[in-house]
Amino acid sequence: YEVLSFIKSLQEDAFLAGGEVHYLLGNHDALLLSQVYGIKEMSGYQAYNTQLMFANNGGQERDVNLLSMDLPLLKWLEQCPFILKEGTTLFQHCDATVYYDVLPFEQRLYIPYNELCLHINTALRYYVSKFGCKSDGYFNLFDLLCSWKGFLQRDSVENYLSKFQCSRVVHGHTRTESGMIERYFNSKVISIDCEMNYNEYNKSPDRGDILVLTEKEIYEVSN
């Protein structure tokens, strides 16, 4: 809850200073939202199943309760994008083509590449609304956004990027084996999930990496 509040305030400060801060929704955000709405909408086995999934993914009941009472923050979170294009760089949470695949097939042929992210964000919000209640919708979205390892082949990466007219994609979701930011396919794919938690890959629990992108350079900053 505190992290989301901080990012929202950081976004507001950046806007006033003439800059931008963006927060991309991922599978854990969808799972959190399923719990926020599940307080009122779920019962019995359905509630138990989703609560168990939430707990197993590190979810905290305290965050659910605080977010459910903070309507401005809740609405802000729901309006955050799933995918974002900045220049020729594509940003998305998971390393998969599920974002493009969610578009109705008949629309894919007619949407201009510079409008794809807008339509994908709209399509994913519509995906949530297709289910009987928001808790169900977000839980199914969580499952959808758990896609991973979709960028293992150079051909699939280049085909995906060509649809957006982008030169590279930055993603999280799947932890890197080194515990550091990794690049592959000549930096067409940049994986930034370094897992700040202590784990078998990252032996320094307080360590974090920041990816810095410019027109001509890519470099990392570590604490």
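This briefing covers the nonpolar cores, one helix pair and the sheet of a predicted model. Local features need pLDDT of at least 70 and side-chain atom pairs count only at pLDDT 80 or more, while totals for chains, interfaces and linings use all residues. Residues are numbered from 1 along each chain as its sequence is written, and side-chain values use heavy atoms, with hydrogens and water left out.

**Nonpolar cores**
- The largest nonpolar core (buried Ala, Val, Leu, Ile, Met, Phe, Trp, Tyr and Cys residues joined through side-chain atoms within 4.5 Å; buried means under 20% relative accessible area, with a 1.4 Å probe and protein chains only) has 50 residues.
- Within this core, Leu-77, Tyr-99, Leu-141 and Phe-164 touch the most other members.
- Elements giving two or more residues to this core include H1 (2–16), H5 (71–79) and H8 (116–129); helices (H or I, at least four residues) and strands (E, at least two) are DSSP runs, numbered from the N terminus.
- H8 gives the most, with seven residues.
- Another core, of five residues, lies apart and includes Val-170 and Ile-190.

**Helices H1 and H5**
- The axes of H1 and H5 (lines fitted to C-alpha atoms over the stretch in contact, with angles from 0 to 180 degrees between N-to-C directions) come within 11 Å and cross at roughly 75°.
- H1 and H5 are therefore roughly perpendicular (65 to 115 degrees).
- Their contact (heavy atoms within 4.5 Å) involves residues including Leu-4 and Ile-7 of H1 and Trp-76 and Leu-77 of H5.

**Sheet**
- Five strands form an open sheet in the order E1-E2-E3-E5-E4, with mixed pairing (at least two DSSP bridges between two strands).
- E1 (83–86) and E4 (182–184) are at the edges with a single partner strand each, so one side of each has no neighbour in the sheet.
- E3 (168–171) and E5 (189–191) pair in the parallel sense over three bridges, and Val-170 stands opposite Ile-190 in E5.

How values were computed: Angles under 35 degrees count as roughly parallel, over 145 as roughly antiparallel, 65 to 115 as roughly perpendicular and the rest as oblique.
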